Amino acid sequence: MAQESSKVSFAIRGKWFYLPGWENVSWRYYSYGGEIFLGKHHAIGLESDGFETHRRWEAGEYDNLVAMEVTKRTGIVADYKYLLPFNEFFSLYGLVYSRFLGKRRYWLEKSTEEEAPEPPDPNALLTTNSGTFTDFGAGLGGKWYFNGGSSGLDVSLNVFKRIGSYRETVRTENGWVVSNITDSPVSMYLRISFFYHFLRFKKQE
């Protein structure tokens, strides 16, 4: 006998990934938040997330670290999902979302290793880039409930439009150069999180 969905339920969701990557690049990605389910078709979510890229600057015969190039983005994500449950194990959904209060920072950290060589251009280490952005996106995804229970995996593929404004500061031989950059790319985004769904089904009498 199929269980009946609760009229109102909620879930916590989140993740923390470290991807070592290749060619001296690594990524860190985290999120934490929750969502409220209204019946079996509607869900409203809110979460905080962050994404970091770390790129090594190396030199010398033994690839000694010169500096670490860091790009960090953080923001708050609000989303709405329309769900189509197939069974107790899987639900397909479409979603729309916005990432707001987005912040982006770029900087370089000089190596503190004793064997670290000096960079070819020390002024390059003084380059910074910071600003704000907002995303508007939509996508398709699915929720997999492990063994038909309350915990599971949520995966979606999304397309988004980013509206950003950044201030870049570069140190050159002629002094500081400051540029204001407006950015509005369209891109794709794979979103993955784990969840635990509380009060998913009504209690059986």
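A pocket, in the sense used on this tour, is an open set of grid points with protein on both sides within 12 Å along at least five of seven lines. With that term in hand, and keeping in mind that the model is predicted, begin at the second largest pocket, which holds about 300 Å³ of space. Select Ser5, Lys40, Pro85, Arg200 and Phe201, which of the 17 lining residues are the closest to the centre of this pocket. If you colour its lining by class, you will find six nonpolar, seven polar and four charged residues.

**The whole chain**

Now zoom out and show the protein chain as a cartoon, where you can count nine strands and zero helices, so that the order of elements from the N terminus reads β-β-β-β-β-β-β-β-β. Of the 205 residues in the chain, 39% are buried. Among contacts with a separation of 6 or more, 66% join residues that are 24 or more positions apart. With a surface display switched on, the accessible area comes to about 12,400 Å², and carbon and sulfur atoms own 59% of that area.

**The largest pocket**

Next, select Tyr29, Phe51, Arg73, Tyr189 and Leu190, the residues that lie nearest the centre of the largest pocket, out of the 19 that line it. The elements that each give two or more residues to this lining are strand 1 (8-19), strand 2 (25-38), strand 3 (42-59), strand 4 (64-85), strand 7 (151-172) and strand 9 (186-198). Strand 9 is the one that gives the most, with four residues. The volume of this pocket is about 370 Å³, and its lining is made up of ten nonpolar, four polar and five charged residues.

**The cavity**

Hide the surface and turn to the enclosed space, for the structure holds one cavity of 30 Å³ or more, with a volume of about 60 Å³. To display its lining, select Arg13, Glu47, Lys81, Tyr93, Leu95, Asp154, Val155, Ser156, Arg191 and Ser193. Strand 5 (90-110), strand 7 and strand 9 each give two or more residues here, and strand 7 gives the most, with three. By class, the lining of this cavity divides into three nonpolar, two polar and five charged residues.

**The nonpolar core**

Keep Tyr93 and Leu95 selected, since both also belong to the largest nonpolar core, and add the other members, Ala11, Tyr29, Phe37, Ala43, Val77, Leu83, Tyr97, Phe160 and Tyr189, to complete its eleven residues. Strand 2, strand 4 and strand 5 each supply two or more residues to this core, with strand 5 giving the most, at three. Within the core, centre the view on Ala43, which, once its neighbours within four places in sequence are left aside, is in contact with Glu35, Ile36, Phe37, Asp79, Tyr80, Lys81 and Leu83.

**A last stop in strand 5**

Finally, select Ser91, which lies in strand 5. Is Ser91 buried or exposed? Ser91 counts as buried because its relative accessibility is 7%, under the cut-off of 20%. To see what surrounds this serine, show Leu83, Leu84, Pro85, Phe86, Gly141, Gly142, Lys143 and Tyr145, all of which Ser91 touches when residues up to four places away in sequence are not counted. Two of these residues have appeared earlier on the tour: Leu83 as a member of the largest nonpolar core, and Pro85 as one of the residues closest to the centre of the second largest pocket.

Conventions: Residues are numbered from 1 along each chain as its sequence is written. This is a predicted model: local features need pLDDT of at least 70, side-chain atom pairs count only at pLDDT 80 or more; totals for chains, interfaces and linings use all residues. Side-chain values use heavy atoms; hydrogens and water are left out. On a 1 Å grid over the protein atoms alone, a cavity is a set of points where a 1.4 Å probe fits but cannot get out, and a pocket is an open set with protein on both sides within 12 Å along at least five of seven lines; lining residues have an atom within 4 Å of a point. Grid points are joined across faces, edges and corners, and a volume is the space filled by probe spheres set on the points. Ala, Val, Leu, Ile, Met, Phe, Trp, Tyr, Cys and Pro count as nonpolar, Asp, Glu, Lys and Arg as charged, and the others, Gly among them, as polar. Buried means under 20% relative accessible area, exposed over 50%, partly exposed in between (1.4 Å probe, protein chains only). Contact means heavy atoms within 4.5 Å. Accessible areas come from the Shrake-Rupley method with a 1.4 Å probe; for residues, only the protein chains shown count as cover. A nonpolar core is a set of buried Ala, Val, Leu, Ile, Met, Phe, Trp, Tyr and Cys residues joined through side-chain atoms within 4.5 Å.
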